[in-house]
Amino acid sequence: MRLEGVELRRIALPLVSPFRTSLGTQSERTALIVRAVSDEGEGWGECVADDEPTYSPEYLAGAADVIRGFLVPALAGLDLNPASAGHALRHLRGHPMAKSAVEMAVLDCWLRARRTSLADHLGGVRRSVRVGVSVGIMETLDALLETVDKHLTAGYARIKLKIEPGWDLGPVRAVRETFGAEVMLTVDANTAYAPGDARHLARLDAYGLTLIEQPFAPGDLHAHAALAARIDTPVCLDESITSAADAADAIRRGACSIINIKPGRVGGYLEARRIHDVAAAHGVPVWCGGMLETGLGRAGNLALASLPGFTLPGDISATERYYRQDITRPFVLDDGTMAVPADPGLGVDTEPAALEAVTTGSEWIPAVP
């Protein structure tokens, strides 16, 4: 398969409601949509980098520049397949979100031409997966409880609360006391705490959490290992894990007993599968995180979450949780689960009118070595 070129589209999707974490508040989701055109057809990808380098060092405009100036030229003239695309980009350091978007589009194109679904290619074993929902930081406890009640009524299998200093013990206690011990409840700090907060975080043990996610800075595995040894609540890593090698190191150091895998963060679905395999070999459960993806990324994440090691509900919520109008058909919740797309490639197509309505800019990049 030879790449002819790539179309980059910048889009802006309004969120149903603002989403606040310890890193900031979003009212719309901007993203790069990648359309790879080859001599065998076309495929779609999505870059999940934020506008600013807060969650990770990458940012959207920089990702577009890397795709335009380095990634597409590196693939020009090659006989592409899923493995060769990643190999061809290996000499370029960093930029996993940009690489993931290009790999995703190439993978979708290659699988469509071979009438194979992404789930089958990755080794998925489920036709549907349990999913949870992430609840942002709220202005009041009443607003939080109302939101959690809505999501539980909808049937979500797990509730994740975003936390930060000053918004942690009270919200967790309120949710647990209101909705009971049977609700699967987790918290996500997005690196908001310092190692000196370990004693405070240990107080979360009282609420029977399934996990606490990424309390400290990404590079501080020592602090995460110390916390894991101190508390009963399992420690889950997100931002710290950018590769299978990172996962093996964190597990070996005792820094986590659960891993959140986000394909964009780790450089694509193939590296995400390698992390899954490393974790499975060590008996460490994994789950699929979310980055406010469009239906393209949502479809890919469902395929990934169908692998056997994904035993915890992921952040792959229904379309209506975030968007009134997506760029693909909507994904819907069915008794706490969502169906894994079974059609070739990602298993979804963009809706041309919907895509055009949210496009803020586009460009064509020919594949010239």
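**Exercise 1. Two residues with positive phi**

Task: Classify T191 as buried, partly exposed or exposed, and describe its backbone and that of R115 in this predicted model.

Solution.
- Step 1. The relative accessibility of T191 is 24%, so T191 counts as partly exposed; the class boundaries are 20% and 50%.
- Step 2. T191 belongs to the loop between β7 and α7.
- Step 3. Although T191 is not a glycine, its phi is positive, near 70°.
- Step 4. R115 is likewise a non-glycine residue with positive phi, about 55°. R115 sits in the loop that joins α3 to α4 (118-122).
- Step 5. With a relative accessibility of 66%, R115 is classed as exposed.

**Exercise 2. The surroundings of N190**

Task: Locate N190, decide whether N190 is buried or exposed, and list what it touches.

Solution.
- Step 1. N190 lies in the loop between β7 (185-188) and α7 (198-202).
- Step 2. Its relative accessible area is 3%, and the limit for a buried residue is under 20%, so N190 is buried.
- Step 3. Residues up to four places away in sequence are set aside; N190 then touches T21, S22, L23, Y55, K162, E213, Q214 and E239.

**Exercise 3. Packing of α1 against α3**

Task: Describe the geometry of the α1 and α3 pair and the make-up of its contact.

Solution.
- Step 1. Two packed helices are described by the angle and the distance between their axes.
- Step 2. For α1 (residues 60-75) and α3 (residues 96-113) the angle is about 50° and the axes are 9 Å apart.
- Step 3. The two helices are therefore oblique to each other.
- Step 4. Their crossing is right-handed.
- Step 5. From α1 the contact takes A63, V66, I67, L71 and L75, and from α3 it takes A98, K99, V102 and V106.
- Step 6. By class, the contact residues are 8 nonpolar and 1 charged, with no polar residue.

**Exercise 4. Cysteines**

Task: State how many disulfides the structure has, and explain the status of C47 and C256.

Solution.
- Step 1. The search of the whole structure returns 0 disulfides.
- Step 2. For C47, the nearest cysteine sulfur belongs to C288 and is 16 Å away.
- Step 3. C47 is buried, its relative accessible area being 0%.
- Step 4. For C256, the closest cysteine sulfur is in C236 at 7.3 Å, which is too far for a bond, because a disulfide needs the two sulfur atoms within 2.5 Å.
- Step 5. C256 is also buried, at 8% relative accessibility.

**Exercise 5. The environment of I212**

Task: Place I212 in its element and name its contacts.

Solution.
- Step 1. I212 is part of strand β8 (residues 211-213).
- Step 2. A relative accessible area of 1% makes I212 buried.
- Step 3. Neighbours within four places in sequence are left out; I212 contacts V187, L201, L204, I231, T233, P234, V235 and C236.
- Step 4. G45 stands 167 residues from I212 in sequence and 30 Å from it in space, C-alpha to C-alpha.

**Exercise 6. The buried face of α9**

Task: Identify the buried residues of α9, the elements they pack against, and the residue that follows the helix.

Solution.
- Step 1. In α9 (residues 244-253), the buried residues are A244, A247, D249, A250 and I251.
- Step 2. An α-helix has 3.6 residues a turn, so residues three or four places apart point the same way.
- Step 3. The buried residues of α9 pack against α8 (221-230), β9 (235-237), β10 (258-261) and α11 (269-281).
- Step 4. After α9 comes G254, with a positive phi near 75°.

Note on methods: Residues numbered from 1 in each chain as written. Predicted model: local features only at pLDDT ≥ 70, side-chain atom pairs only at ≥ 80, totals over all residues. Heavy atoms only, no water. Axes fitted to C-alpha atoms, helices over the stretch in contact; angles between N-to-C directions. Helix = DSSP H or I, 4+ residues; strand = E, 2+ residues; numbered from the N terminus. Parallel < 35°, antiparallel > 145°, perpendicular 65-115°, else oblique. Left-handed = near helix turned anticlockwise from the far one by under 90°. Contact = heavy atoms within 4.5 Å. Nonpolar A, V, L, I, M, F, W, Y, C, P; charged D, E, K, R; others polar. Buried < 20%, exposed > 50% of the residue type's maximum accessible area, 1.4 Å probe, protein only.
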